[in-house]
Amino acid sequence: MMKTSKYIFTLATAMMVASVHAETSMATVLDEANISQCRSELIAAADAVIGKNIHRLYLPPLQVGQDMPAIAGIIAYHDRHAQVRFQAQMADGLCRINVRESYTFSDACPTIRTEVFKRWDLLGKLDEYTWVLQKAKRVRYPQTAYLSDAIRSHTSCLVTVDSDITAADLAKAEEH
């Protein structure tokens, strides 16, 4: 009896892991929810941000007062996992996609600043634990990063990167 229950637990765990690693494209999520507004921009933004990395996207329930979808998910990079959110917005009749990506590093933020974000401009600090950086040169679209000590002992760094992507940004990137 013990071997059978252990086998079922192992099988169930394997099935959950397999389902977590299954990829869900932006097009699939939009098709399943019958979303057509900003479709091409959401797909292009997801392709630009996710690339060939393993990922999983889903459509959370709409929030009160929210008229455009926010697609959420995870991206598995070779050295970390990131949570990601794609929010479509209309501005002057054009779709703008705000992408927010969050992840942690197991090093202090000053180390991450000098090793990972060394080419980003320092805009300032919000407090003694949070740096604000911007990358606007030689990029497909402007990005702002927030580096915060996740633990006051300075042993890990929480990174949140915000990107506002327009169709023009993506078209310009394809030209290069």
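Start by selecting helix H3, residues 39-50, in this predicted model. H3 runs for twelve residues, and the distance from its first C-alpha to its last is 16 Å, close to the 16 Å expected at 1.5 Å a residue. Now colour its buried positions: Glu41, Leu42, Ala45, Ala46, Ala48, Val49 and Ile50. As you look down the helix, keep in mind that an α-helix has 3.6 residues a turn, so residues three or four places apart point the same way. Then step off the end of H3 to glycine 51, where phi is positive, near 60°.

**Into the core**

Next, bring up the largest nonpolar core, a set of 38 residues. Which residues have the most contacts inside it? Select Phe86, Ile97, Phe117, Leu147 and Val159 to see them. Your earlier selection belongs to this picture too, since H3 gives the most to this core, with six residues. As background, nonpolar side chains in soluble globular proteins tend to be buried together.

Stay with valine 159 and show what surrounds it. Not counting residues up to four places away in sequence, valine 159 touches Glu101, Ser102, Tyr103, Phe105, Ile112, Phe117, Tyr146 and Leu147. Two names in that list, Phe117 and Leu147, are also among the core residues with the most contacts.

**Over to lysine 125**

Keep Leu147 displayed and add lysine 125. Their C-alpha atoms lie 9.3 Å apart, with the two positions 22 residues apart in sequence numbering. Lysine 125 sits in strand E5, residues 121-127. Is lysine 125 buried, exposed or partly exposed? Its relative accessibility is 47%, so lysine 125 counts as partly exposed, as the partly exposed class runs between 20% and 50%.

Now show the surroundings of lysine 125. Apart from neighbours within four places in sequence, lysine 125 is in contact with Thr130 and Trp131. For a polar partner, select glutamate 128: the lysine 125 side chain reaches the backbone oxygen of that residue at 3.5 Å.

**Zoom out**

Finally, select the whole protein chain and colour by secondary structure. You should find five helices and eight strands, arranged along the sequence as α-α-α-β-β-β-β-α-β-β-β-β-α. Switch to a surface view: the chain exposes about 11200 Å², and carbon and sulfur atoms supply 55% of that area. Of the 176 residues, 38% are buried. If you draw a contact map, consider the contacts with a separation of 6 or more: 44% of them join residues 24 or more positions apart.

Note on methods
Residues numbered from 1 in each chain as written. Predicted model: local features only at pLDDT ≥ 70, side-chain atom pairs only at ≥ 80, totals over all residues. Heavy atoms only, no water. Helix = DSSP H or I, 4+ residues; strand = E, 2+ residues; numbered from the N terminus. Buried < 20%, exposed > 50% of the residue type's maximum accessible area, 1.4 Å probe, protein only. Contact = heavy atoms within 4.5 Å. Areas by Shrake-Rupley, 256 points an atom, 1.4 Å probe, with all protein chains shown as cover. Core = buried A, V, L, I, M, F, W, Y, C linked by side-chain atoms within 4.5 Å. Expected span 1.5 Å × (residues − 1). Polar contact = N/O pair within 3.5 Å; in protein donor to acceptor, adjacent residues only side chain to side chain.
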